[in-house]
Every structure is written in C-alpha cells, then in structure tokens.
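Me: I would like to learn how to read helix packing and nonpolar cores in a model of this kind. Could we go through it together, one feature at a time?

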Amino acid sequence: HQFLWRSRQKCWRPDISDVERISFGKPAKKKGTGSRGVPHRLNEDERFLFDQARKKGFLEVIGSGWRPQRREAPLLNTYRNLCDARGRAGIVLHKGSTGMDDKVLVDLSPLRLPETFQAVMEECVQTVQIQPLAGTSSDDVDVGELEAWNDVERTEENDDPWETRPIYQLSPFLISWVLPRSEAKALSKKLADMFQTIEVKASKSKKPKGIKPGKNRRSGGYGIG
C-alpha cells in the first residue's frame, strides 16, 4: 500500500536559491523570502548540518536547535524555508542528552494543504506503526518566532494565508515521537523515504558572489526582499 501525500502547487513559495542566499546573510531576490524578525543566517556548524539534511532528507540537531547566545533558531527556520521551497514536509530529529529520549518531528505545514493534514498524519502513523505523542501543535517546539500574519497588511479581504503567506507566518502542523537514538534515526530515514525529502543532487551550499553582507544585523541584507 503506497503512502500518499499532496503538496499545493499554485501558491507563494520561496526559490531554493533565495533560501540559500539569505542563509548566508545576502538579500533575497523574491520579496517575502526572509524577514527581519525571523533569523535565517547560519554559522559554520549549522551550515554543515543544513547541507547534511539535504542529502539525508531530515535535519539532525542537538536539543531544540535553539541558539542561546542569540536567542533564536536560524537553522530550524532555514530548513523549514527550504522544505517550503521544495513543497516537502520537514523532518527534524532533535537529539536528547541521554540518547534515550530523542524527538522526531514531522511538520506538514510546507505542504500548504491544511485540509489534508489530519488524513496524512493518520496514514503516516499507520504506515510507520509507531504511536506518536498526542497533539500536533507547535507548543512544544521552538520553530523560531512565528510572526502573526494578522499584523501584516492583507492583500485581499479573503486572502488565504496558505496560498499567499511566507512559511514563517504559518503555524507548523507537527507529528512527534520520542524514541531511543537508533529507533529515532531509523524512523527519520523511513519518513524521509515516505515523504521523498532526500535531495538526490544536493551539493554543499555555495556562498553567492558579489554582495558583501552587512557587519551586523541592523545593516540589512538579510533577505528582506
């Protein structure tokens, strides 16, 4: 029995090249790819994990992926942005300190078809045959600062946010499991296969030429299109 999921075709999505550009602190070509309130710039360690995630089909982070010295989670934001650009679910393995309580998360929001999320979640659980934690909200995970899209000027009265908004203005829809390390990795690999998240031709992300990033966050150049 084939596991089925769909991804919205006609909607706003960032370009993969822009996701890479703002991860280096360069401005995006497409307006809305980044935001001053949502950090996407990666440091060297995060860049390595991001490149690995593209090859493996899931992101591995230690703990929450939260960067305490900057009080933000650029790696999680950038990976979610990439998943949105590709129209794929986001799979993240949060490695716990004991190796016995790793958390595996699948975020269906980049598929942008909220009316299908419940059914996809149920079929996903049935396929992997492992009971997830109860609840699918974003309450128990740091996915960076979600901007309230109500605060942003709406383009039309009946604007559908899933069609027109950047991913950082949309709530995650999460399926989560807590498992020992080896089982968590095996599940992440299976999910990557089910949701077709591996980038076969993924190469090391290359720094775009030309524009020099500003010396600090206030000097712009962070994908504020």
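Me: Against which helices and strands do the buried residues of H3 pack?

Reply: The general approach is to take the covered residues of an element and list the elements they contact. This is a predicted model, and in it the buried residues of H3 pack against helix H1 (16-23), helix H2 (44-56), strand S1 (59-62), S2 and S3. H3 itself spans residues 74-86, and its 18 Å from first C-alpha to last is close to the 18 Å expected at 1.5 Å a residue.

Me: How many of the 13 residues of H3 are buried?

Reply: Burial is read residue by residue and then counted over the helix. Here 12 of the 13 are buried, leaving H3 mostly covered; polar and charged residues such as Asn77, Arg80, Asn81 and Asp84 are included in that buried set, alongside Leu75, Leu76 and Leu82. Just after the helix, glycine 87 takes a positive phi of about 65°.

Me: At what angle do the axes of H1 and H3 cross?

Reply: One reads the separation of the axes together with the angle between their directions. The axes of H1 and H3 come within 9 Å and cross at roughly 170°; because angles over 145 degrees count as roughly antiparallel, H1 is roughly antiparallel to H3. The crossing is right-handed, and the contact is made by Ile16, Val19, Ile22 and Ser23 of H1 with Thr78, Asn81, Leu82, Ala85 and Arg86 of H3.

Me: Which residues have the most contacts inside the largest nonpolar core?

Reply: A core is best read first through its most connected members and then through the elements that supply it. The largest one has 29 residues, and those with the most contacts inside it are Val106, Leu108, Cys124, Ile175, Trp177, Leu191 and Phe195. Two or more residues each come from strand S2 (90-95), strand S3 (102-107), helix H4 (114-128), strand S4 (174-179) and helix H6 (181-194), with H4 giving the largest share, six residues. Leaving aside residues up to four places away in sequence, leucine 108 touches Ala89, Phe117, Val120, Met121, Phe173, Ile175 and Phe195. Apart from this core lies another, of 14 residues, among them Val61, Tyr79, Leu82 and Cys83.

Me: What pattern of helices and strands does the protein chain follow along its sequence?

Reply: The order of elements gives the frame for the packing. With six helices and four strands, the protein chain reads α-α-β-α-β-β-α-α-β-α. Of its 225 residues, 52% are buried, and among contacts with a separation of 6 or more, 75% join residues 24 or more positions apart.

Note on methods:
Residues numbered from 1 in each chain as written. Predicted model: local features only at pLDDT ≥ 70, side-chain atom pairs only at ≥ 80, totals over all residues. Heavy atoms only, no water. Core = buried A, V, L, I, M, F, W, Y, C linked by side-chain atoms within 4.5 Å. Buried < 20%, exposed > 50% of the residue type's maximum accessible area, 1.4 Å probe, protein only. Contact = heavy atoms within 4.5 Å. Expected span 1.5 Å × (residues − 1). Axes fitted to C-alpha atoms, helices over the stretch in contact; angles between N-to-C directions. Parallel < 35°, antiparallel > 145°, perpendicular 65-115°, else oblique. Left-handed = near helix turned anticlockwise from the far one by under 90°.
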